[in-house]
Structure formats: C-alpha cells, structure tokens
Amino acid sequence: MKVFLVSLGCDKNLVDSEHIVGLMHEAGYEFTDNESEADVIIINSCCFIHDAKEESINTIFEMAQYKTEGACKALVLCGCLAERYYEEIPEEIPEIDICIGTSAFEDIVKAIDEFFDEKSHITCMKDVGFLAGTKSPRNITPYNSYSYLKIAEGCEKHCTYCIIPYVRGDFRSVPMEDLVREAKLIAEQGIKEIILVAQETTMYGTDLYGEKSLHKLIREISNISGIEWIRILYCYPEDVYDELIEEMATNEKVCHYIDIPIQHASNDILKAMGRQTTGDEIREKISQLRNKIPDIVIRTTLITGFPGETEEDHQILKDFVSEMKFERLGVFTYSAEEGTPAARMSNQIDEVIKETRRDELMTLQQNIVFERAEDYIGKEFTSIIEGKIPQENAYIARTYMDAPGVDSNIFVVTDRELMTGDFVNVKVTGTNEYDLIGKPVD
C-alpha cells in the first residue's frame with residue numbers, strides 16, 4: 001500500500017516524521033508524493049500555539065477529502081495534537097481513523113495493520129518511555145546539506161505559557177551511543193552539518209549520566225568522518241555551562257552559533273513566565289559567551305504581550321534588545337494555550353497591543369541587523385550550498401551564522417557548478433535586507 005505523510009511544526013517533529021517513514025519502509029509500505037493515490041495518509045501534527053493547532057486541524061480536513069476523492073482508506077493523526085486531544089478527537093473529528101500520541105508512534109505499523117484487519121477506529125496512547133533513535137529506523141532526507149539530531153525528548157521546566165511538558169512528557173535523554181550511531185548514518189548519507197535539537201539541549205545527560213553531558217556528546221560527534229559543522233539549538237540561558245562554552249570555543253567543527261530563547265528581560269515578566277533566570281543573569285551569560293567566543297552569533301526569541309506586561313516591562317525589553325544587539329532575533333505575540341497557568345491569568349493583553357509591541361521590537365531589531373550586515377561587506381565566510389536558483393547563475397547558501405529555516409541566507413553569484421552540501425569561501429559584496437550577496441573566492 002502507498003503512504004503519503006504531512007509533517008507539520010518544528011524540526012523535532014520532522015525527526016519524528018523521518019522515524020515514522022523508516023518504520024513504514026521497514027514494514028514494506030511504499031511512499032508517494034501524490035496524496036490522491038495514497039491508501040494511507042499520515043499527518044504528524046503540531047499544537048504548540050493556536051496558529052499551529054489551526055494549521056493541523058485545517059490539514060486534517062484537507063487530507064480527509066481524499067477518503068472520498070482519492071484512494072485513502074486510513075487517515076492517521078500523529079504528534080502533539082493527537083497527544084493533547086486524544087480523548088476528544090474520535091468524537092470531534094471522526095474522519096480520523098487512527099490516533100497516535102507523541103511517544104507511541106513505534107506502534108504505527110501495528111495500528112495501521114490492525115485497522116485494515118478489523119476496520120475499526122484505533123487510538124494508540126501513551127508510551128512516554130519510548131525515544132526516537134533508540135529503537136526505530138530513520139529515513140534521513142538525503143538531499144539536504146544538514147540533518148537534525150534529536151538528543152532528548154520532553155521538558156521539566158514548566159514555563160507557565162508552554163504546553164510542551166503536557167504533550168511531550170518529562171525530560172528524557174537519548175543514550176549517547178544511540179546518538180553517535182545515528183550521527184554516523186547521517187554522515188554516510190553525505191550530510192555535512194548536524195543540528196542538535198531537543199526541547200532543551202543544555203540539560204542533555206543529566207537523567208542518564210548524573211551530569212550535563214552535551215559537551216561530551218559534541219566531542220563524540222565531532223570525531224565522525226564527514227561531519228564538518230555541528231550547530232546547537234534550544235539552550236536555556238541558565239543552563240549554558242562552562243564546559244559547553246569551552247567545547248564550542250575550542251572544537252573546530254562546532255559552529256560559533258547558539259540559540260538561547262530568553263523570552264523576556266523584565267524580571268517581573270520572567271517570574272510570571274516561570275523562567276528560572278533574571279535579566280541581569282541573562283546579560284552575564286551573553287557577556288561570558290561573547291568574551292570567550294568573540295565571533296559567536298546568538299539567536300534568541302522573545303514573547304511580547306504576556307499577561308500583565310506593562311508599558312514599563314515592554315520598555316525594559318526594548319532597552320535590552322538595543323543593548324544586547326542580538327545577531328538573530330524573533331518575536332512572537334503571546335498565545336494563551338488552554339490548560340496552561342498563563343491562560344488562566346486575569347490580566348490578559350489586548351491583541352492589538354501585542355502586535356504593536358511585537359512590531360516595535362522587530363523594527364528595532366531590523367535596524368540592528370541591517371547595520372551589522374553592512375559591516376560584513378568585504379569579509380569572507382565559509383558557506384554551505386543549499387541549492388541553485390533556477391535560471392540564474394546564483395546559489396542559496398548559509399554561513400555559520402545562519403540556521404536553516406529561521407535565519408538569513410547568502411546568495412552566491414557564480415558561473416561555477418556547485419552542489420548542495422559543498423563548502424565554498426564566499427566574499428560578501430552586498431546586502432539584500434536580511435540576506436547577504438557574495439561571490440566565491442579561491
């Protein structure tokens with residue numbers, strides 16, 4: 001039978017989807033790019049914020065039409081939406097035939113086989129002990145220059161705005177030997193950049209080895225032939241530790257790039273968010289990183305319009321952004337997620353105010369980024385090729401400063417024939433808003 005898969009949401013969900021594909025391939029299922037000819041349609045869903053939940057629901061109804069207009073005989077819902085609403089889905093969305101939570105997708109083949117044998121709705125829940133990478137095969141996308149390596153599952157921070165602990169469970173590290181084995185498989189595909197992801201990467205190993213072990217994992221992966229870049233995402237500022245910074249500073253394969261979601265700078269708002277740090281502590285951590293690694297690029301995300309955020313709090317955040325001059329920054333308006341403590345707070349902020357504050361922060365950040373981009377003109381950067389722009393003598397590439405999908409690009413203008421995954425030295429010749437323009441140099 002033929003299978004069509006839709007993967008929504010974050011990069012961690014994408015890794016889960018690749019494991020689902022691996023399990024289905026191993027069981028003899030064939031995948032198709034044409035949803036109308038698929039016997040089985042799988043949706044790996046997201047519900048992190050309202051917009052993601054809405055996208056997942058819309059996708060369900062879009063795919064459900066192929067039960068009457070195509071060959072679909074089984075519509076399967078996986079991931080966060082399935083986990084969060086597994087009790088409501090059978091009644092509210094009867095188009096779903098099989099519902100599989102975030103940590104139970106190892107049973108997906110069994111569930112589909114049983115469905116076709118019995119022609120009955122099946123709900124598979126919840127094996128929170130299962131970790132992708134420990135038991136299941138993975139069908140790694142071979143045509144990318146990069147691949148994600150999910151090193152842990154779940155989170156125990158319990159920030160007041162976040163549903164992740166409720167849908168992903170407690171923090172659980174994947175054993176190091178399993179991750180090294182998976183990283184070797186990635187390298188064998190010709191992929192040169194590994195991006196380490198989890199709900200929180202900095203706590204890796206604390207549950208298995210009794211201490212923070214991300215720096216040890218990085219060292220093991222850097223010994224794998226073929227891996228040239230290692231990038232680290234989702235590091236909570238209070239848990240970025242000295243040995244990790246030292247490994248980043250001294251290991252030549254580690255990109256001088258770190259993603260640190262700080263969310264705010266006002267101590268009152270940080271406390272209301274349940275964050276375990278203060279504005280001054282964040283300043284100290286950023287200062288430590290920049291002193292130890294002068295060319296480091298720091299990416300962060302902010303939430304504006306959190307319940308109770310005053311104009312004074314907003315000004316504190318604006319001043320903080322102006323002071324820190326983050327190389328990469330994204331701003332989200334607060335989304336009240338049902339079941340979270342923040343959604344029950346009485347002092348919710350009007351949507352117009354949220355959006356106005358977000359726009360002010362992004363305008364401020366835009367000026368910072370544009371000024372910095374001008375400073376890059378004339379400098380050279382090693383860049384990894386992502387693909388060619390059709391009908392043009394130009395390629396899309398990334399420097400160490402840019403994570404795929406969220407950051408900028410550098411457009412490489414050349415008559416030379418380049419391949420995805422090639423590393424090229426590029427001299428910056430100009431800018432195009434957030435992106436750079438350059439040409440190869442010998």
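Which residues gather in a patch of negative charge on the surface? In this predicted model, the patch is made up of Glu87, Glu88, Glu91 and Glu92. Take Glu92 as a way in: you will find it in helix H5, which covers residues 89-92. With a relative accessible area of 57%, Glu92 counts as exposed, because the cut-off for that label is over 50%.

From like charges, let us turn to opposite ones. Side chains of opposite charge can pair when their charged atoms come close. The model holds 33 salt bridges, and a few of them make good stops on the tour. Glu211 and Lys216 form one, with 2.4 Å between the closest N and O atoms. Glu211 is partly exposed at 37% relative accessible area, and Lys216 is partly exposed as well, at 33%.

Next, look at Arg283 and Glu323, whose closest N and O atoms are 3.0 Å apart in their salt bridge. This pair links distant parts of the chain, 40 residues apart: Arg283 belongs to helix H13 (residues 279-292) and Glu323 to helix H14 (residues 311-324). Arg283 is partly exposed, with 26% relative accessibility, and Glu323 is partly exposed at 44%.

A salt bridge between two strands comes next. Arg398 pairs with Glu386, again with the closest N and O atoms 3.0 Å apart. Arg398 sits in strand E16 (residues 394-399) and Glu386 in strand E15 (residues 380-388), so the bridge joins parts of the chain 12 residues apart. Is Arg398 buried or exposed? Its relative accessible area is 1%, so Arg398 is buried, while its partner Glu386 is partly exposed at 24%. Salt bridges can also join up into a network, as they do for Lys157, Glu200, Lys212, Glu238 and Asp239.

Now for the aromatic rings. A pair of aromatic rings is described by the distance of the centres and the angle of the planes. There are nine aromatic pairs in the model. In one of them, Phe320 and Phe326 have ring centres 5.9 Å apart and planes at 45°, so this pair is tilted. Phe320 and Phe326 are both buried.

Compare that with Phe370 and Tyr434, an edge-to-face pair with 5.2 Å from centre to centre and 65° between the planes. Here the rings link distant parts of the chain, 64 residues apart: Phe370 is in helix H15 (residues 351-376), and Tyr434 is in the loop between strand E18 (423-432) and strand E19 (435-440). Phe370 is partly exposed at 26% relative accessibility, and Tyr434 is partly exposed at 31%. Elsewhere, ring pairs connect Tyr161, Phe306 and Tyr334 into a cluster.

The loop between E18 and E19 also holds Glu433, which brings us to the backbone. Most residues other than glycine have a negative phi, and most peptide bonds are trans. Glu433, although not a glycine, has a positive phi of about 55°. Glu433 is exposed, with 57% relative accessible area. Gln263 is not a glycine either, yet its phi is positive at about 75°. You can find Gln263 in the loop between strand E12 (254-259) and helix H12 (267-273); at 10% relative accessible area, Gln263 is buried.

For a last stop, which residue lies 257 residues from Tyr146 in sequence and 9.7 Å away in space? That residue is Ala403, with the distance taken from C-alpha to C-alpha. Tyr146 is part of strand E7 (residues 146-150), and at 16% relative accessibility Tyr146 counts as buried.

Technical notes:
Residues are numbered from 1 along each chain as its sequence is written. This is a predicted model: local features need pLDDT of at least 70, side-chain atom pairs count only at pLDDT 80 or more; totals for chains, interfaces and linings use all residues. Side-chain values use heavy atoms; hydrogens and water are left out. Patches are made of residues with over 30% relative accessible area and no salt bridge: like charges are joined within 9 Å, nonpolar side chains (Val, Leu, Ile, Met, Phe, Trp, Tyr) within 5 Å. Accessible areas come from the Shrake-Rupley method with a 1.4 Å probe; for residues, only the protein chains shown count as cover. A salt bridge is a side-chain nitrogen of Lys or Arg within 4 Å of a carboxyl oxygen of Asp or Glu. Lys and Arg count as positive and Asp and Glu as negative; His and the chain ends are not counted. The place of a charge is taken as NZ of Lys, CZ of Arg, CG of Asp or CD of Glu. Helices (H or I, at least four residues) and strands (E, at least two) are DSSP runs, numbered from the N terminus. Buried means under 20% relative accessible area, exposed over 50%, partly exposed in between (1.4 Å probe, protein chains only). Rings of Phe, Tyr and Trp (its six-membered ring) pair if their centres lie within 6.5 Å; planes under 30 degrees apart count as stacked, over 60 as edge-to-face and the rest as tilted.
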